[in-house]
Amino acid sequence: MPTATLLLFIPACFALNMAPGPNNLLSVSNATRYGFRAACAGGLGRLLAFAGMIALASVGLAVVLHTSEWLFGLIKLAGAAYLLYLAVQLWRAPVADGTAGDVAATAPAVSVWALARQEFWVAAGNPKAILIFTAFLPQFVNPALPAAPQFVVLGTLFLLLEVVAIALYALMGLHMRRWLAQARGQRLFNRGCAVLLTGAAAGLLASRRAA
């Protein structure tokens, strides 16, 4: 692909990767509770969901979401319900006083697979994500050249930049541990995240299909 196209794509794409959203919020929350490595490993579930969406966009199957009102609504309802479930879990999460290094230790044990599954369903439950890929990636595809290789390059770059975003948000959560060493800080953070996830669920329910 032309260098000029990539120089336009990379900053625009990274801004999209870094936009606050349910998955990035999960990276922060998981890092504060389970540690940096666990949060980054859990992000693999998000990458898998996004890779599938990019594949759908590249072969044109995302047009279904543009034309099928009931399918879009079904995915939207499932995604909102899962976000609300996570919000309730965070609101009710146990807290305890301790040192900054003890914050993760007080959290219930959880497997990397469970975190990855959580990230996957949050990403997969947002039909707007496919529409974003459908609208965003084609802007950088040259119609005079084969489309598939270009989608591979753009999709790979998107996923690599998403890895950076996961790490940065997890790092943000890691540095919040000192404040979260006290029970009050943990409770405020968990409930703040719960409120934000509830807001994300409400926004998902209020969203409409792209014209």
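**Notes on the helical chain, with a look at α2**

1. Reading from the N terminus, the elements of the protein chain go α-α-α-α-α-α-α-α-α-α. That is ten helices and zero strands. Keep in mind that this is a predicted model.

2. On the whole chain: buried residues account for 41% of its 211 residues. The protein chain exposes about 10700 Å², with 71% of that coming from carbon and sulfur atoms. Among contacts with a separation of 6 or more, 89% link residues 24 or more positions apart.

3. Now α2, which covers residues 22-34. I checked its length against 1.5 Å a residue: the 13 residues should span 18 Å, and the end C-alpha atoms sit 18 Å apart, so the two agree.

4. How much of α2 is covered? Mostly: eleven of its 13 residues are buried. The buried set takes in Asn23, Asn24, Leu25, Leu26, Ser27, Val28, Ser29, Asn30, Ala31, Thr32 and Arg33.

5. Right after α2 comes Gly35, and its phi is positive, near 110°. Helix α3 covers residues 36-59.

6. How do α2 and α3 pack? Their angle is about 150° and their axes are 7 Å apart. Since angles over 145 degrees count as roughly antiparallel, α2 is therefore roughly antiparallel to α3. The crossing of the two is right-handed. On the α2 side, the contact is made by Asn23, Asn24, Ser27, Asn30, Ala31 and Tyr34; α3 contributes Phe36, Ala38, Ala39 and Arg46.

7. One overlap to look at in the viewer: Asn23, Asn24, Ser27, Asn30 and Ala31 are among the buried residues of α2, and they also take part in the contact with α3.

Terms used. Residues are numbered from 1 along each chain as its sequence is written. This is a predicted model: local features need pLDDT of at least 70, side-chain atom pairs count only at pLDDT 80 or more; totals for chains, interfaces and linings use all residues. Side-chain values use heavy atoms; hydrogens and water are left out. Helices (H or I, at least four residues) and strands (E, at least two) are DSSP runs, numbered from the N terminus. The expected span of a helix is 1.5 Å times one less than its number of residues. Buried means under 20% relative accessible area, exposed over 50%, partly exposed in between (1.4 Å probe, protein chains only). Contact means heavy atoms within 4.5 Å. Accessible areas come from the Shrake-Rupley method with a 1.4 Å probe; for residues, only the protein chains shown count as cover. Axes are lines fitted to C-alpha atoms, for helices over the stretch in contact, and angles run from 0 to 180 degrees between N-to-C directions. Angles under 35 degrees count as roughly parallel, over 145 as roughly antiparallel, 65 to 115 as roughly perpendicular and the rest as oblique. A crossing is left-handed if the near helix is turned anticlockwise from the far one by less than a right angle, and right-handed if clockwise.
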